[in-house]
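Visitor: Please take me through one part of this protein at close range. I would like to look at its internal empty space.

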Amino acid sequence: MNIIISKLMWQNGTRINQYIFAIIITIPLVSFGMVQGWLSPMISVLQSPETPSPEPYTTSDISWMTSVTYITAIIFGAPMGYLTDRYGRKMMTLLTTLSLIIYWQIKLLCLEPWALILARAVAGIPCSACYIVLPIYLKEISDIDLRGALGSLLILNRNIGYLASYVCADLLSVNALLWIGLLVPAIVFFIFLIMPETPEFLVKQGKIDEAKTVLAWLRGVPVVDRTLEQDIDSVVKVDKQTRASAASVWGIICKDQPTRKAFIITLVIKIAQQFDGYLIVLIYAGLVFGKASETTNLHLSPNKQIIMIGVIQLIGSTLATCIVEKTGRKLLLVTTSFAVGVGMLVLSAWFYLTSVGVWMPGWLPVFAMGLAIFADAAGFQPISYIIITDLFTFQLRGTVSSFTNICAKLSNFVQMKWFTNLCELIGIHWTFLFFSVVCFFSCFYTVIAFPETKQRTIEEIYTKLTRKKDKMVENKIEAVP
């Protein structure tokens, strides 16, 4: 491995290897984006008489096909953090890519309902792993001033996968799209066989020299570089401290004050992002476009509507990649969560006023929907993944990522399963108002609780969290007469 790395070395301090490696790491999310994006344009085809399946799908088939992924994602996601820490980031990424290959292969072999439900169950593996393993892998190969921009590639590449599925479904046959879907993870799998493990995991395995070689390759500097030596020594020091501690991972999270506070912040922001209404807006996009066409000249076919949404998502995530290292995490999270909240509030008002017979312009819900989708992709969603790797040491990242992923997938399952029933019970406008309140709460919570993590070490972030707590205590003592 060391020989391969040295041959691939770029000299003179260039960090191009980090950019190339980051792109390769996030390509499985292109494939997973295609997995998820394939559903939207294909559901109506599968239920039609012209279905590629031997017989049209029933409503029950579609229901199982759409929801089973989140069930298996919770099951496979539970041990994913432990497995990532036990067997390494590279090994789990290879298994993630292999599961994507199996998913596309099942669909190529058979398109009967049982086969697609099975394939969607297999998709639960990358549904968890792409958001647990890949963010950790990405963070641990990125320099501190690049981790935000490279971390946002996760959502950017997933949205590229969404859009690729939408466009290919509109232009190509079902079989051609499936072959393209299989080709992407198959190529990445073989590329990954020669890619290195992260320096931090190698230190954890006691492979210090190999960790130095990998870090030197990532930075394009000699192995004897002084800064590189200092960074490796810091990782070794943290690893020794963790090994010397008798506390378990959950013991550290519960007993260590700044770690506990970081965990609470991460969990609140992640769950708030899952309940910001983003998924539901995508489901109701067809209804919004249909209402808009009644009072405007906006007449788009269902596939063109989906493609338009995919373009908005891609523009938003591209913007996040470009500006996250300039604005910082906190400002971007505050502004985008507020913007999503405004979009949801407008949609809530529009649904209510039109239900009582008040005329509203047709462009308004389209604008609100576009704003919510754009803002979520431009900051709210990618930052919710970036902060997990920013706020925790490499010994805790796997466990925290697994736990927050389970919470996220439970949130998705609840929304997918009971949203329609809730709307029938209280009305869709109240539901969107709830999403709006969640977004505004997240904005306010970020302002008062979330520490800026841009270009800061975990020690610096935890020091700030501790000082905030100490300052609050001091203020309370001073207030006592």
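Which helices each supply at least two residues of the lining of the largest cavity?

Guide: Helix H8 (124-140), helix H9 (147-151) and helix H21 (363-391) each do so. This is a predicted model, where local features need pLDDT of at least 70, side-chain atom pairs count only at pLDDT 80 or more, and totals for chains, interfaces and linings use all residues. Residues are numbered from 1 along each chain as its sequence is written, and side-chain values use heavy atoms, with hydrogens and water left out. Helices are DSSP runs (H or I, at least four residues), numbered from the N terminus.

Start with the search. Rolling a probe the size of a water molecule over the atoms shows where empty space is left. A cavity is a set of points, on a 1 Å grid over the protein atoms alone, where a 1.4 Å probe fits but cannot get out; lining residues have an atom within 4 Å of a point. Volume is the space filled by probe spheres set on the points, which are joined across faces, edges and corners. The whole structure holds two cavities of 30 Å³ or more.

The largest cavity has about 60 Å³ of space. Its lining consists of Pro 135, Leu 138, Lys 139, Arg 147, Gly 151, Leu 154, Tyr 385, Ile 386, Thr 389 and Asp 390. H21 provides the largest share, four residues. By class, five are nonpolar, two polar and three charged. Here Ala, Val, Leu, Ile, Met, Phe, Trp, Tyr, Cys and Pro count as nonpolar, Asp, Glu, Lys and Arg as charged, and the others, Gly among them, as polar.

Now the second largest cavity. Its volume is about 40 Å³. Tyr 131, Lys 270, Tyr 385, Ile 388, Ser 401, Thr 404, Asn 405, Ala 408 and Lys 409 form the lining. H21 appears again, and with helix H22 (394-426) each supplies at least two residues. H22 gives the most, five residues. The lining divides into four nonpolar, three polar and two charged residues.

Stay with H21 for one more residue. Gln 381 sits in this helix. Gln 381 counts as buried (under 20% relative accessible area, with exposed over 50% and partly exposed in between; 1.4 Å probe, protein chains only), because its relative accessibility is 4%. Leaving out residues up to four places away in sequence, Gln 381 touches Ile 155, Arg 158, Gln 273, Tyr 278 and Asp 376. Contact here means heavy atoms within 4.5 Å.

Methods
1 Å grid on protein atoms, 1.4 Å probe; cavity = no way out; pocket = protein on both sides within 12 Å on 5 of 7 lines; lining within 4 Å.
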